[in-house]
Amino acid sequence: MRRSIVITAAVGLTMALAACGGGSGSGDEETTGAEETTEAGESAGTLTIWADEFRAAALTDIVAQFEEDKGVTVEIVEKNFDDIRPEFITQAPTGEGPDIIVGAHDWAGELVTDGLVSPVELGDVAADFAEVAVSAFTYEGSVYGVPYGIENVALVRNNALASDTPATFDELIAQGEATGAEYPVLIQMGEEGDAFHMYPLQTSFGAPVFATDESGSYIPELALGGAEGTAFAEYLASIGQAGSGVLDTAITGDIAREAFANGESPYIITGPWNIAPFTDAGVDLTVLPIPSAGGQPAAPFVGVQGFYVSAHSENGILANEFLVNYAATEDVQVAMYETGGRIPALTAAAEAVGDDPVAAGFTAAGEIGVPMPSLPQMNSVWAFWGVTEANLVSGVATDPAADWATMVENIQGAIDAA
Amino acid sequence: MKGRDAADTTDAPPPSPDEVAAAERAAAGRGTTSHAREMGPYFVVKLVLLALIDAFGLFVIFSSWQVEHWGILASMVAILVVVNWVYFSRRMIAAKYLFPGLVFLLVYQLFTMGYTAYISFTNYGTGHNATREDAVAANLAQNESRVPDSPSYPLTVVTTPDGELGFAIVDDGEVLAGTAEQPFEESPDATVADGDVTEVPGYDVLSFAQILEQQNEITNLRVGFADADEGSIRTQDGSTGYLYRSVLTYDEATGAITNTDTGVVYTDNGEGSFQAEDGSTLLVGWRVAVGFDNYTAMFTDSRLSGPFLSVLAWTFAFAILSVGTTFFLGLFLAIVFNHPAVRGRRVIRSLLILPYAFPGFLSGLVWAGLLNRRFGFINEVLLGGAEIPWLTDPWLAKLSVIGVNLWLGFPYMFLIATGALQAISTDMYEAARIDGAGAGRVFRSITLPLLMISLAPLLIASFAFNFNNFNLIFFLTEGGPNFPGSPIAVGATDILISMVYSVAFESGTQQFGLASAMAIMIFIMVGVISWLGFRQTHKLEEVI
């Protein structure tokens, strides 16, 4: 008999514990279960946003305001910027993902192809944004994000070492060498190359990565080959390690930043994210458009950052309300500028920070810029592109024309295979 | 009562007569009593632990039931039943010890392998990320666009007395109201304040809190006009309406999507996409089983098969050389510092195992910095500014990888070789010396064979580890320098696992299915080699 008492006690105990564990769950349901139609009752009224640490800090005030106005809870989950996209891709289909993520516009292709983000109707607010910002978030005809910041690279000059920047890149190199500084100009690349920072030089030879239609948006047809592309490849090799030695694959982002901050070069091609370390080091700097190397305008890539709404969000209304009526306001966009240094996408906010010469300089340099393509295949383009440029600069690739042609072939192959 | 005296030392209530009889039978039968049901202190501990496990299990079952993960639910139920049976049964003595190990084997090994194998037979990746249902919804949503140059309407969400949702909008100063079933009708008696509708006869206006309770229903609601071709009004934020037209319609019965503008019909092509007759597909697809496609792609895709062989050769070279160099350096040092004549052996031994204490990825990064061609410590300081391309010349990069792995790996070999050396009886050496054997002969005939008996399995494990030593390659060279002109982005120091990473994630779109198939192939390769290796080690034991 005692045996059965013990078993009964054990069962009773586990049941009691289970009841405790399950109790909180069923309690949640009761509080929101007034309407049977509410499918995911637990999450109604709670908005989850994934953002990296800088963006999360800039959003705090507006989130508090939103919570107060609407009587809802907003949960900001801080994540490493590079982790947001892969984690969103794997978690969103399970229904466990966030309602809103902060991300870059060139994620759009992949996220849309995976069916993970909802089109956002900006409505009348659309006209308040810089045109390039909205077009960057447009993929296959629909807008998929609310932009907040625009970034592009520009030429940054150390005023202590040079003034009167010349109009061509060759003259700039000559001027930089004449100053006696260790590097005439710094462009970060590393052993894997960095096609993003090298792009203004490439476009100045008239070899954009993809062809564009009349409206200026990309069509998926490679345009970086041909005579223009070859001319750029030869130019890269001529200023590389086997040539004049201006470029060097050993110059990584960290090394370039430190060298410029230490006054070892009069010029660097970099973006707004690096300005803070320079001013902290006491460099007196001016931000300028990039001089042309090949005769045509040196157009940098423009990157736009913004907010995406998950297609699996159960809080579509709340998310859109927050983005269109709260995040797309001047105060928020200025706050984001102050923490991240990216030029606000909202025109009014950009004007508000316009008297900052650094911001004005980057805006001026980006005026001729084009958005980075957001095709999902861009990942493979970046890999081949960067490595080939690195090989040209390091002198491993001895026949620039042939190596550049092989690269174009490989990129085309990767795009076709995907 | 002698059985009770031996087993029961607590002041538990006196047992019933048949319980005592059972205990005595057990004591007589096996010479021991079981803790399975005896009310001793161990039993209470066991009861508490099992209760906790059961509570946790029930929590998991409850949670998985809520999110409708039936697989997890079923396996958790099975595990719970078996746990309780094993630990409350008197007969399952062996299972009591084996069970925890079996559960971990199941969860951490078999499940992972099974799931990887399952993914390898699907087309999971960019464009095939979720279910068919999600893909249909995503395609429809992406192809529903706002009518160009249409105005925005101030909108109020309303509900009919019988709970049907609807919209009330203001169009040119006139209020229109309607539901999904009932197209917009003029509602002249409605009240408008500040441009927003606040009251509509025949409808109740929803508050913001009420709207939040049915967000999905409201964002999915379309209210049409009397003329159906005009499009329909929908809202994203509950306060502004826009006129939309949907280009695609989904037919539940045939499972096909039709483009109403062009009349093109997209049907399920069996490969996880909606395909039209001209071969064009809709953007979003879903995950389906594709059989052995991922496995055959490795050998038939010319972009992969070219670099594959050179990467495979280097992977074997790297794994074998890594084990060889670390083992012989470790063994050499172990023998040297095992000699009684060496002073300060303890201190030196502790210093030697220092590299072992660093995390591998950290060492990889540090060495990448040290070996940098232009700014690295080795070139700049030790070699007086010689720009030796340690990591960027194909052969030097291979040498550097082996060298850094030697630095990382020899302490482990040193440790295990020291341990094994100390286990060899000194009698053997004495006997050998009496027989007139020299130092070399002793090493070859006694030390090495005896060491190999205990070390060979560890060397095989080390081989398997280095075969997949992703951290070192990724942080030291990232697989570079890349093969110039190779159709996929792999390089001279890429091993199979880093090639998998580069092919499946870095170059182009994400291909989880292909990556899983390649991982399974690597698993089979390592498994076969290890199995052959272990078979050989049995022969070693017959040496002496």
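This is a short tour of a predicted model, moving from chain B as a whole to its strands and helices, then to the contact with chain A.

**Stop 1: chain B, whole trace**

Select chain B and show the C-alpha trace. Along its principal axes, the trace spans about 120 × 90 × 45 Å. The radius of gyration is 36 Å, whereas a compact globule of 544 residues would have one near 24 Å. Of the 544 residues, 31% count as buried. Switch to cartoon: chain B holds 20 helices and 15 strands. Now consider contacts between residues at least 6 apart in sequence. In chain B, 58% of these join residues at least 24 apart.

**Stop 2: strands β2, β3 and β4 of chain B**

Select residues 165–171 of chain B, which make up strand β3. This strand is mostly covered, with five of its seven residues buried. Which strands pair with β3(B)? One is β2(B), residues 152–159, which pairs with β3(B) in the antiparallel sense over five bridges. Another is β4(B), residues 174–179, which is antiparallel to β3(B) and joined to it by six bridges.

Check the register on each side. On the β2(B) side, T156(B) faces A168(B) of β3(B). On the other pairing, F167(B) stands opposite G178(B) in β4(B). In a regular strand, side chains alternate between the two faces of the sheet.

Then look at the turns. Five residues lie between β2(B) and β3(B) in their hairpin, and G163(B) in that turn has a positive phi of about 90°. The hairpin of β3(B) and β4(B) has two residues between the strands. There, D172(B) takes a positive phi near 55°.

**Stop 3: helix α17 of chain B**

Select residues 439–467 of chain B, helix α17. Its end C-alpha atoms are only 35 Å apart, while a straight helix of 29 residues would span 42 Å. Where does α17(B) bend? Center on S454(B): the bend there is about 55°. A proline, P457(B), follows within four residues.

Color the buried positions next. They are T447(B), L451(B), L455(B), I460(B), S462(B), N466(B) and F467(B). The buried residues of α17(B) pack against three helices of chain B: α10 (302–338), α15 (394–422) and α20 (512–540).

**Stop 4: F292 of chain B**

Pick F292(B), in the loop between β15 (274–275) and α9 (293–300) of chain B. Is F292(B) buried or exposed? F292(B) is exposed, because it has 10 other C-beta atoms within 10 Å, and the cut-off for exposed is 12 or fewer. Now add S120(B). The C-alpha atoms of F292(B) and S120(B) are separated by 8.2 Å, although the two residues are 172 apart along the chain.

**Stop 5: where chain A touches chain B**

Show both chains. The contact involves 70 residues of chain A and 63 residues of chain B. On the chain A side, the elements giving two or more residues are α1 (2–32), α4 (108–113), α11 (316–327), α15 and α16. Select α1(A) for the most: it gives 12 residues. By type, the chain A side divides into 29 nonpolar, 25 polar and 16 charged residues.

**Stop 6: helix α8 of chain A**

Finish on residues 226–238 of chain A, helix α8. This helix has 13 residues and reaches 18 Å from first C-alpha to last, close to the 18 Å expected. Its buried residues are G229(A), A231(A), F232(A), A233(A), Y235(A), L236(A) and A237(A). They pack against α7 (195–203), α15 (378–394) and α16 (400–417) of chain A.

Key: Residues numbered from 1 in each chain as written. Chains lettered and ligands numbered in written order. Predicted model: local features only at pLDDT ≥ 70, side-chain atom pairs only at ≥ 80, totals over all residues. Expected span 1.5 Å × (residues − 1). Buried ≥ 20, exposed ≤ 12 C-beta atoms within 10 Å, placed from the backbone. Contact = placed C-beta atoms within 7 Å. Nonpolar A, V, L, I, M, F, W, Y, C, P; charged D, E, K, R; others polar. Bend = angle between axes of the 7 residues up to and from the residue. Pairing = 2+ DSSP bridges. Rg over C-alpha atoms; globule rule 2.2 N^0.38 Å.
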